[in-house]
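Biologist: I would like to learn how to read a structure like this one. Could you walk me through it, feature by feature?

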Amino acid sequence: MRPPAWRSAPLRLASLMVLAGLLGGPGSASSARAGEAGVAPAAPDSTAALHGKNARRADRFKRLVANFKGDRLAIYQQYGYPAYRYFELKFSTRTEHWIYLVEDLEFVFEGDRLVARQ
């Protein structure tokens, strides 16, 4: 007697591949989520993709703080992230303003150098 068609080797392999795809096994379409729309790649030092608006926002802040140097880093370590942060371009000089509402302070930076404290 001949074995049923679903027991033949090529069909068995194909059915296992389909089952692995449904269960999210390695090499399946669901395990490669980084290519999906709406999923941003994670930071180069991590291995997981970022899911959701809040995770991407937190990653942007983490990368921004990692680039702080000099006076900006010292102010950030003392007061934390500012409530308001904006840039001005006056006479071809770009300044960055950090405003802290609770302390009623404003810091003005040119690059990483503190120019004024108001």
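**Strands, core and charged pairs**

Modeller: Let's begin with two strands: β2 and β3 run antiparallel, and 5 bridges join them. Strands count as paired if DSSP finds at least two bridges between them. This is a predicted model, in which local features need pLDDT of at least 70 and side-chain atom pairs pLDDT 80 or more, while totals for chains, interfaces and linings use all residues. Residues are numbered from 1 along each chain as its sequence is written, and side-chain values use heavy atoms, leaving out hydrogens and water.

Biologist: How many helices and strands does the protein have?

Modeller: Helices are DSSP runs of H or I with at least four residues, strands are E runs with at least two, and both are numbered from the N terminus. Here there are 3 helices and 4 strands, in the order α-α-α-β-β-β-β along the sequence.

Biologist: What happens where β2 turns into β3?

Modeller: The hairpin of β2 and β3 has 4 residues between the strands, and D104 takes a positive phi near 55° there. Beside that turn, Y100 has L105 in β3 as its bridge partner.

Biologist: And which strand pairs with β3 over 4 bridges?

Modeller: That is β4, which pairs with β3 in the antiparallel sense. Their hairpin has 2 residues between the strands, and G111 takes a positive phi near 70°. Across this pairing, F107 stands opposite R117 in β4.

Biologist: Is β3 enclosed or open, and how do I judge that?

Modeller: Look at burial: a residue is buried under 20% relative accessible area, exposed over 50%, and partly exposed in between, using a 1.4 Å probe and protein chains only. In β3, 5 of the 6 residues are buried, so the strand is largely enclosed by the rest of the structure. Across the protein, 18% of the 118 residues count as buried.

Biologist: Which residues make up the largest nonpolar core?

Modeller: In soluble globular proteins, nonpolar side chains tend to be buried together. A nonpolar core is a set of buried Ala, Val, Leu, Ile, Met, Phe, Trp, Tyr and Cys residues joined through side-chain atoms within 4.5 Å. The largest one here has 7 residues: F68, I75, W98, Y100, L105, F107 and F109. β2 (93-100) and β3 (105-110) each supply at least two of them, and the largest share, 3 residues, comes from β3.

Biologist: Several of those have rings. How many aromatic pairs does the structure hold?

Modeller: It holds 7. Rings of Phe, Tyr and Trp (its six-membered ring) pair if their centres lie within 6.5 Å; planes under 30 degrees apart are stacked, over 60 edge-to-face, and the rest tilted. Y100 and F107 make an edge-to-face pair, 5.9 Å centre to centre with 80° between the planes. Both rings belong to buried residues: Y100 has a relative accessible area of 3%, and F107 has 1%. Elsewhere, ring pairs link F68, Y76, W98 and F109 into a cluster.

Biologist: What else does Y100 touch?

Modeller: A contact means heavy atoms within 4.5 Å. Leaving aside residues up to four places away in sequence, Y100 touches I75, Y79, G80, Y81, P82, L105 and F107.

Biologist: Now the charged side chains, please. How many salt bridges are there?

Modeller: Side chains of opposite charge can pair when their charged atoms come close. The cut-off for a salt bridge is a side-chain nitrogen of Lys or Arg within 4 Å of a carboxyl oxygen of Asp or Glu. A search of the whole structure finds 7. One of them joins D59 and R63 at 3.0 Å, N to O. These two lie in helix α2 (residues 53-66), 4 residues apart, about one turn of the helix. D59 is buried at 10% relative accessibility, whereas R63 is partly exposed at 36%.

Biologist: Which salt bridges link distant parts of the chain?

Modeller: Follow R72. Its side chain meets that of E96 at 2.6 Å, N to O; R72 is in helix α3 (residues 70-79) and E96 in strand β2, 24 residues apart. Both R72 and E96 are buried. R72 also meets D112 at 3.0 Å, N to O; D112 sits in the loop between β3 and β4 (113-117), 40 residues from R72. D112 is partly exposed, at 28%. R72, R85, E96 and D112 are linked in a network of salt bridges.
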